[in-house]
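Student: Could you take me through one buried part of this model in detail, after setting out the chain as a whole? I would like the surroundings of a single residue described with care.

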Amino acid sequence: MAPENKLDKSKMVVVEGSYAVAHAVKTCRPHVISAYPITPQTHIVEELSQFMADGEIPNCEYINVESEFSALSALVGSSATGARCYSATTSQGLGLMHEVLFNVSGMRLPVVMTIVNRAVSAPINIWNDQQDSISQRDTGWIQFYAEHIQEVSDMTAQAFKVSEDKDILMPSMTCMDGFILSHVYEPVVLLEQDLTDEFLPKYEPEYVLDPKRPLSFGAFADPHYYTEFRYMQEQAMQRALKKIEDVANEFYDVYGRYYGGLIDEYRTDDADIIIMAMGSVIGTIKDVIDKLRDRNVKVGLLKVRVFRPFPAEAIRNVIKDAKVVVVLDKNISLGLNEGALCTETKSILYNSDIRVPVVGYMIGHGGRDIKTDTIEKIVAEAEEVIKTGIRIENQFTDLKEELL
């Protein structure tokens, strides 16, 4: 049973999503922040710059760089010297970081980076989908996906605590939907400095670049050694599964707020139809579920909060008794005609005894609105799957045939 969320409404302030994230980073007491502006991430690093100018982040270096590649490269060196490091990016900027993402993970540097999810070009689009971070899923970064501003604010401190654990030492992406969360104003409880100091311990790495104790980071590894490096990264990811759950519960103990660990559930106990999704669409789905439950439609929601490491066991436990699983993806694996969450979900069922039908919908690409009517239509189609079986395994939603 998930803990009851004790959100103290008396402490709420109305702020922009980007401000809430920047404030959360500030309370985590970073030592180095690297910044390169790109829409819709820019407001986060602007706010952090203002905090720096106002002297609100002590013992911190703020580095303006010439590209996103440089932004993350600067943190490679900084983190290797023992600094707590942070950056933020999106879309094409994240793509430009691709090479360095592997370096950070391979060197076991616990950098935390906010990804303000935005569609990737071409064609040029600055609105939201999750193709950017999903495309980096195999780079060795833990990936969190936030439902709302309060969650992405709180998940920032959680990400630092998970990544910096000596048994993990893997970098984290905290992903929030661009504009939908980054630019919206809504009431949130900002992270309190005293509570964050209690929750997040001082970063004291065991291995650092120090002339007095010479070490090599990211050294050459021939075939005799390379496989074991990858194996150790994967083992750390598997250990992170439990650590993420533990940290979510520790956060609740300190702050009284809980949004799930690896996953979260909504009205799934008796659900024949379970919808799976990540990010801000979760709120819309919950509204539709409440409406359909009033009509005696047994539908529930499985919110995937962590995509890497993939929470296979947790997902199987939730969907094992459902009659159909509907997966909504704000991304597509081109050439497979399927979203990544759908693919991963089907893969973890293949060698199990669970034979629930899984159907996928690619939805909300390039910021297209996801309306309640669309979710209701998807649920109606899922009811038909229960009756007659799968006719269309994967499909685009709200496709404008007249534009083809």
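Tutor: In this predicted model, the chain is built from 13 helices and 15 strands. Its radius of gyration is 21 Å, which agrees with the value near 22 Å that a compact globule of 404 residues would have, and the C-alpha trace spans about 70 × 55 × 45 Å along its principal axes. Of the 404 residues, 55% are buried, and among contacts with a separation of 6 or more, 81% are made by residues 24 or more positions apart. The chain exposes about 18100 Å², of which carbon and sulfur atoms supply 50%; there are 40 positive and 60 negative side chains, with the centres of the two sets 3 Å apart.

For the close look, consider Asn 128, which sits in the loop between β5 (112-117) and α6 (131-134). Asn 128 has a relative accessible area of 2%, and because buried means under 20%, this loop residue counts as buried. A polar atom of the Asn 128 side chain lies 3.1 Å from the backbone oxygen of Asn 117, a residue that belongs to β5 (112-117). Leaving aside residues up to four places away in sequence, Asn 128 touches Asn 117, Arg 118 and Ala 119, and it also touches Asp 177, Gly 178 and Ile 180. Further along the sequence, the residues that Asn 128 touches include Lys 330, together with Gly 364, His 365, Gly 366 and Gly 367.

Methods
Residues are numbered from 1 along each chain as its sequence is written. This is a predicted model: local features need pLDDT of at least 70, side-chain atom pairs count only at pLDDT 80 or more; totals for chains, interfaces and linings use all residues. Side-chain values use heavy atoms; hydrogens and water are left out. Helices (H or I, at least four residues) and strands (E, at least two) are DSSP runs, numbered from the N terminus. The radius of gyration is taken over C-alpha atoms; the globule rule is 2.2 Å times the number of residues to the power 0.38. Buried means under 20% relative accessible area, exposed over 50%, partly exposed in between (1.4 Å probe, protein chains only). Contact means heavy atoms within 4.5 Å. Accessible areas come from the Shrake-Rupley method with a 1.4 Å probe; for residues, only the protein chains shown count as cover. Lys and Arg count as positive and Asp and Glu as negative; His and the chain ends are not counted. The place of a charge is taken as NZ of Lys, CZ of Arg, CG of Asp or CD of Glu. A polar contact is a pair of N or O atoms within 3.5 Å; within protein, one must be able to donate a hydrogen and the other to accept it, and residues adjacent in sequence count only if both atoms are side-chain atoms.
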